[in-house]
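Please explain how this protein is laid out, from its secondary structure to its pocket, its surface and the unusual spots in its backbone.

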Amino acid sequence: MKTIASANNTEITLAELEALAGAYVKARTVVSERVADLQTEVSALQRRRVGGIKAAAAEAADLCARLRATIEKAPHLFVRPRTMSLHGVTVGFRKGSGKLEWEDDAKTVALIRKHLPDQAELLIITEEKPSADALKNLDAKELAKIGVAMEGTGDFVVVKTTDSALEKLVAKILKEGATAAEAGQ
């Protein structure tokens with residue numbers, strides 16, 4: 001039987017580690033089953049309620065369209081002030097802030113350089129920054145020369161399961177449970 005000395009000099013056997021891993025998997029399975037049951041109930045509830053939600057959303061969209069059309073027909077009501085709040089809804093007119101659009105960055109940059117060369121530095125963004133992907137190819141000595149440190153390369157504890165979408169939700173719930181347990185200690 002393989003034993004491992006821990007930080008506090010107590011011997012931990014592989015059998016103990018295996019038993020804990022087995023208990024963890026069983027506990028995760030219970031959580032997973034309960035989450036699956038919850039999702040089944042939520043899906044059934046959604047199927048029962050989706051018709052009413054869609055009908056209410058369609059009515060709200062129709063009323064919004066009618067409100068917009070009515071406002072468009074009554075600009076004289078919004079001279080000063082240009083907007084007002086009715087039943088918690090702001091209605092009226094507002095000047096649009098506009099949106100700049102261009103099809104091709106390179107073409108626009110070239111046209112700025114051609115037609116507005118004295119403003120090019122102001123109108124064109126030039127960004128220089130290190131490439132993390134390329135830096136990963138350097139060794140530790142080269143990285144040190146340029147003031148870059150590689151972090152997270154030491155040993156760390158791993159407890160990982162292969163997660164499906166359901167398992168990701170289970171993991172989230174387990175993490176929230178662990179946070180709540182830590183807060184209660």
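The protein has six helices and four strands. Read from the N terminus, the elements follow the order β-β-α-β-β-α-α-α-α-α. This is a predicted model. The protein has 185 residues, of which 9% count as buried.

The largest pocket holds about 270 Å³ of space. Its lining consists of Cys-64, Leu-67, Arg-68, Ile-71, Glu-72, Thr-83, Val-89, Thr-90, Val-91, Gly-92, Phe-93 and Arg-94. Two elements, helix H1 (14–72) and strand S4 (89–92), give two or more residues each to this lining. Helix H1 gives the most, with five residues. By residue type, the lining of the largest pocket divides into six nonpolar, three polar and three charged residues. As for how such spaces are found, rolling a probe the size of a water molecule over the atoms shows where empty space is left.

The backbone has two spots to look at between the elements just named and their neighbours. As background, most residues other than glycine have a negative phi, and most peptide bonds are trans. The peptide bond from Arg-80 to Pro-81 is cis, with omega near -5°. Pro-81 sits in the loop between H1 and strand S3 (83–86). The second spot is His-87, which has a positive phi of about 55° although it is not a glycine. His-87 belongs to the loop between S3 and S4. Is this residue buried or exposed? His-87 has a relative accessible area of 86%, over the 50% cut-off, and therefore counts as exposed.

Further along the chain, helix H2 (residues 105–115) contains Ile-112. The relative accessible area of Ile-112 is 16%, which is under 20%, so this residue counts as buried. The C-alpha atom of Ile-112 is separated by 7.7 Å from that of Leu-123, and the two residues are eleven apart along the chain.

Leu-123 also takes part in a surface feature: together with Leu-116 and Leu-122, Leu-123 forms a nonpolar patch on the surface. The accessible area of these three residues together is about 300 Å². Leu-122 is placed in helix H3 (residues 120–123). With a relative accessible area of 73%, Leu-122 passes the 50% cut-off and so counts as exposed. Ile-112, by contrast, is buried.

The last feature concerns charged side chains. How many salt bridges does the count come to? The count comes to one salt bridge. The side chains of Glu-127 and Lys-129 meet in this salt bridge, with 3.7 Å from N to O. Both Glu-127 and Lys-129 are exposed.

To go back over the main points, the largest pocket is lined by residues that include five from H1, and strand S4 also gives two or more residues to the lining. The cis peptide bond runs from Arg-80 to Pro-81, and the positive phi is at His-87. The nonpolar patch is made of Leu-116, Leu-122 and Leu-123, while the salt bridge joins Glu-127 and Lys-129.

Key. Residues are numbered from 1 along each chain as its sequence is written. This is a predicted model: local features need pLDDT of at least 70, side-chain atom pairs count only at pLDDT 80 or more; totals for chains, interfaces and linings use all residues. Side-chain values use heavy atoms; hydrogens and water are left out. On a 1 Å grid over the protein atoms alone, a cavity is a set of points where a 1.4 Å probe fits but cannot get out, and a pocket is an open set with protein on both sides within 12 Å along at least five of seven lines; lining residues have an atom within 4 Å of a point. Grid points are joined across faces, edges and corners, and a volume is the space filled by probe spheres set on the points. Ala, Val, Leu, Ile, Met, Phe, Trp, Tyr, Cys and Pro count as nonpolar, Asp, Glu, Lys and Arg as charged, and the others, Gly among them, as polar. A salt bridge is a side-chain nitrogen of Lys or Arg within 4 Å of a carboxyl oxygen of Asp or Glu. Buried means under 20% relative accessible area, exposed over 50%, partly exposed in between (1.4 Å probe, protein chains only). Patches are made of residues with over 30% relative accessible area and no salt bridge: like charges are joined within 9 Å, nonpolar side chains (Val, Leu, Ile, Met, Phe, Trp, Tyr) within 5 Å. Accessible areas come from the Shrake-Rupley method with a 1.4 Å probe; for residues, only the protein chains shown count as cover.
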